[in-house]
Amino acid sequence: MTTPTAYPPARLLTARLGAFVGDVREAVGRGLAPDVTAYLVGERLAPHLGAADLLTPGQCEGDPDRYRQHVLHAEPDGSFSIVALVWLPGQRTAIHDHVSWCVTGVHEGEEHERRYRLVPDGPGSRLIAVEDVVNPRGAVCGFAPPGDIHRVWNACGTKAISIHVYGADIARLGSSVRRVYELPTADGR
């Protein structure tokens with residue numbers, strides 16, 4: 001799954017985003033378990049969501065063909081990255097999982113998410129949809145592999161922007177996606 005990616009120079013960090021980078025650095029630097037780290041990062045992300053001074057105008061630009069990823073920060077030691085995903089109406093991901101723990105927060109609009117579980121099915125496997133979630137502006141969620149299979153989309157008539165923090169160097173990897181699933185689903189979705 002590829003998405004257009006923008007890599008801004010560090011000087012394009014807003015003061016608010018710079019402060020958030022410091023907060024994430026402190027939480028990640030504790031060296032705790034991935035799920036605990038995700039929880040701590042989520043606590044630090046929530047107060048910034050919806051703030052007009054978090055992103056520059058360029059970091060809010062979408063792409064008409066697919067959702068767009070703006071890498072906002074990649075920690076030099078590779079321990080975390082912060083990206084903004086910009087979703088125009090109708091844009092979606094494939095069903096996928098991730099390379100590391102992740103925290104997401106909706107900055108603008110809302111995102112729809114379908115979460116899946118992978119279950120054995122004879123000689124293969126299939127996906128079962130286990131939960132549908134609508135994440136409004138200000139919503140924060142976090143997860144750590146395994147058990148992080150989902151699809152995300154913008155079902156609204158306006159742009160949506162979400163902030164994602166990953167426990168990996170997304171600038172180097174290019175994406176947070178570990179695997180895309182094209183297996184049959186129990187519900188056909």
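Strands are taken here as DSSP runs of type E with at least two residues, numbered from the N terminus. In the predicted model examined here, Val152 belongs to strand 9. The relative accessible area of Val152 is 8%; because the limit for a buried residue is under 20%, Val152 counts as buried. Outside the four places in sequence on either side, the contacts of Val152 are Trp87, Gln91, Arg92, Thr93, Glu111, His112 and Glu113. A further spatial relation links Val152 to Arg115: the two residues are 37 residues apart along the chain, and their C-alpha atoms are separated by 8.8 Å.

Val152 also takes part in the lining of an internal cavity. Rolling a probe the size of a water molecule over the atoms reveals where empty space remains. The structure contains 2 cavities of 30 Å³ or more. The largest cavity encloses about 50 Å³ of space, and its lining consists of Thr104, Glu111, Glu113, Asn135, Cys141, Phe143, His150, Val152 and His164. At least two of these lining residues come from each of strand 6 (110-121), strand 8 (140-143) and strand 9 (149-153). Classified by type, the lining of the largest cavity comprises 3 nonpolar, 4 polar and 2 charged residues.

The second largest cavity holds about 30 Å³ of space. Its lining is formed by Thr104, Gly105, Val106, Glu111, Asn135, Ala139, Val140, Cys141 and Ser162. Two or more of these residues are given by strand 5 (102-108) and by strand 8, with strand 5 providing the largest share, 3 residues. The class composition of this second lining is 4 nonpolar, 4 polar and 1 charged residues. Thr104, Glu111, Asn135 and Cys141 appear in the linings of both cavities.

Helix 1 was considered separately. This helix covers residues 15-28, and its 14 residues should span 20 Å at 1.5 Å a residue; the end C-alpha atoms lie 20 Å apart, in agreement with that expectation. The buried residues of helix 1 are Leu17, Phe20, Val21, Val24, Ala27 and Val28. Viewed down the helix axis, these buried residues fall within an arc of 125 degrees and therefore line one face of helix 1. The packing partners of the buried residues are helix 2 (34-45), strand 2 (68-74), strand 3 (81-87) and strand 10 (160-166).

Conventions
Residues numbered from 1 in each chain as written. Predicted model: local features only at pLDDT ≥ 70, side-chain atom pairs only at ≥ 80, totals over all residues. Heavy atoms only, no water. Helix = DSSP H or I, 4+ residues; strand = E, 2+ residues; numbered from the N terminus. Expected span 1.5 Å × (residues − 1). Buried < 20%, exposed > 50% of the residue type's maximum accessible area, 1.4 Å probe, protein only. Arc of directions from axis to C-beta. Contact = heavy atoms within 4.5 Å. 1 Å grid on protein atoms, 1.4 Å probe; cavity = no way out; pocket = protein on both sides within 12 Å on 5 of 7 lines; lining within 4 Å. Points joined across faces, edges and corners; volume = space filled by probe spheres on them. Nonpolar A, V, L, I, M, F, W, Y, C, P; charged D, E, K, R; others polar.
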